Amino acid sequence: MRRRLLKMIVDAGQGHPGGDLSSADIVASLYFDILRIDPKDPAAPGRDRFVLSKGHCTGVLYTALAASGFFAEAELDTYLKPESRLNGHPNRAYLPGVETNTGPLGHGLPVGVGIAVAGQIDNAAYRVFVLTGDGELQEGSMWEAAMFAGHRELGNLTVIVDRNRLQQGARTEETNSLEPLGDKWRAFGWQVVEVDGHDHAALLAAFDAAAEPRTKPRVIIANTFKGQGVSFMRDQAGWHHGVPNAEQYAQAIAELDAEMGK
């Protein structure tokens with residue numbers, strides 16, 4: 001997924017590689033092991049719902065959707081091109097598998113909470129998973145949604161925070177400190193789990209626990225690194241968005257190939 005999304009960004013001449021790479025393990029774990037979804041029936045009423053609240057990281061979402069069979073992988077070559085369905089922000093009117101349009105930060109979690117409330121009212125079996133960036137948690141709408149989810153005891157809701165500690169141009173703690181982050185969620189009535197966001201076994205264990213019957217929403221704080229997998233991007237705020245040049249791209253692919261043992 002990391003190799004493919006980098007190619008998409010290079011070919012398109014734009015994108016957000018840092019956040020795509022930091023969340024790749026989270027998204028892969030969800031799509032290939034956790035989410036109860038069927039690309040042949042993407043609107044099935046009983047499907048799990050995934051909301052990409054950090055909606056600018058479409059590279060990682062589109063690679064997961066294509067690998068899961070929601071559309072042909074060849075369509076990834078159209079990323080951000082004129083008339084492509086693969087916009088810079090996901091659009092549910094264009095692509096199967098996209099639950100809601102996101103992009104403006106602070107919108108995804110409130111929508112996810114609404115979906116979870118609907119499931120609670122209908123006594124439905126589906127689960128709702130929302131992936132948010134940590135910089136996005138500086139939006140007041142996120143905490144309004146968190147407060148309401150705790151009040152409603154939304155046990156069908158799991159939020160994953162991509163805690164890479166970087167946002168556009170700076171570190172989160174320099175911009176507007178989030179710590180103690182776990183205690184803030186607990187204060188709103190949430191169960192809190194903290195994991196290594198690049199450890200698939202740890203992520204799967206956290207997601208499995210999240211699936212247990214419960215009366216509280218759960219947040220998984222996934223500690224990650226922006227640009228994970230590519231040495232010159234790793235933990236660098238400058239790669240929030242940007243495009244590797246030819247030499248950098250070759251180095252990135254070589255490093256990712258080496259990690260996979262190719």
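This note covers the sheet of a predicted model, one helix lying across it, and one exposed residue elsewhere.

1. Sheet order. Five strands make up an open sheet. The order is β1-β2-β3-β7-β6, and the pairing is parallel. The edges are β1 (49–52) and β6 (191–196), each of which pairs on one side only. From one strand to the next, the twist averages 20 degrees. As a general matter, strands of a sheet pair through backbone hydrogen bonds, either parallel or antiparallel.

2. β2 against β3. Strand β2 spans residues 128–133 and strand β3 spans residues 157–163. Six bridges pair them in the parallel sense. Two positions help to fix the register. V130 stands opposite V159 in β3. G133 has D162 of β3 as its bridge partner.

3. The connection. What links up with β2 and β3 to make a β-α-β unit? Helix α6 (residues 140–152) does, and the unit is right-handed.

4. β3 against β7. These two strands also run parallel, joined by six bridges. T158 has R218 in β7 as its bridge partner.

5. Burial of β3. Is this strand enclosed or open to solvent? Seven of the seven residues of β3 are buried, so the strand is largely enclosed by the rest of the structure. Buried here means under 20% relative accessible area. The side chains split in two directions. L157, V159, V161 and R163 point one way from β3. T158, I160 and D162 point the other way. Both sets are buried, the charged-letter positions R163 and D162 included.

6. Helix α3. Which strands does α3 lie across? They are β1, β2, β3 and β7 (218–223). Relative to β2, α3 runs at about 170 degrees. The helix covers residues 24–34 and is mostly covered itself, with nine of its 11 residues buried. The buried set is A24, D25, I26, V27, A28, S29, L30, Y31 and I34. In general, an α-helix has 3.6 residues a turn, so residues three or four places apart point the same way.

7. A246. This residue belongs to helix α10 (residues 246–259). Its relative accessibility is 65%, so A246 counts as exposed; the cut-off for that class is over 50%. A246 and Q236 are 10 residues apart in sequence. Their C-alpha atoms lie 19 Å apart in space.

Key: Residues numbered from 1 in each chain as written. Predicted model: local features only at pLDDT ≥ 70, side-chain atom pairs only at ≥ 80, totals over all residues. Heavy atoms only, no water. Buried < 20%, exposed > 50% of the residue type's maximum accessible area, 1.4 Å probe, protein only. Helix = DSSP H or I, 4+ residues; strand = E, 2+ residues; numbered from the N terminus. Pairing = 2+ DSSP bridges. Axes fitted to C-alpha atoms, helices over the stretch in contact; angles between N-to-C directions. Contact = heavy atoms within 4.5 Å. Right-handed = clockwise from strand over helix to strand, strands pointing away.
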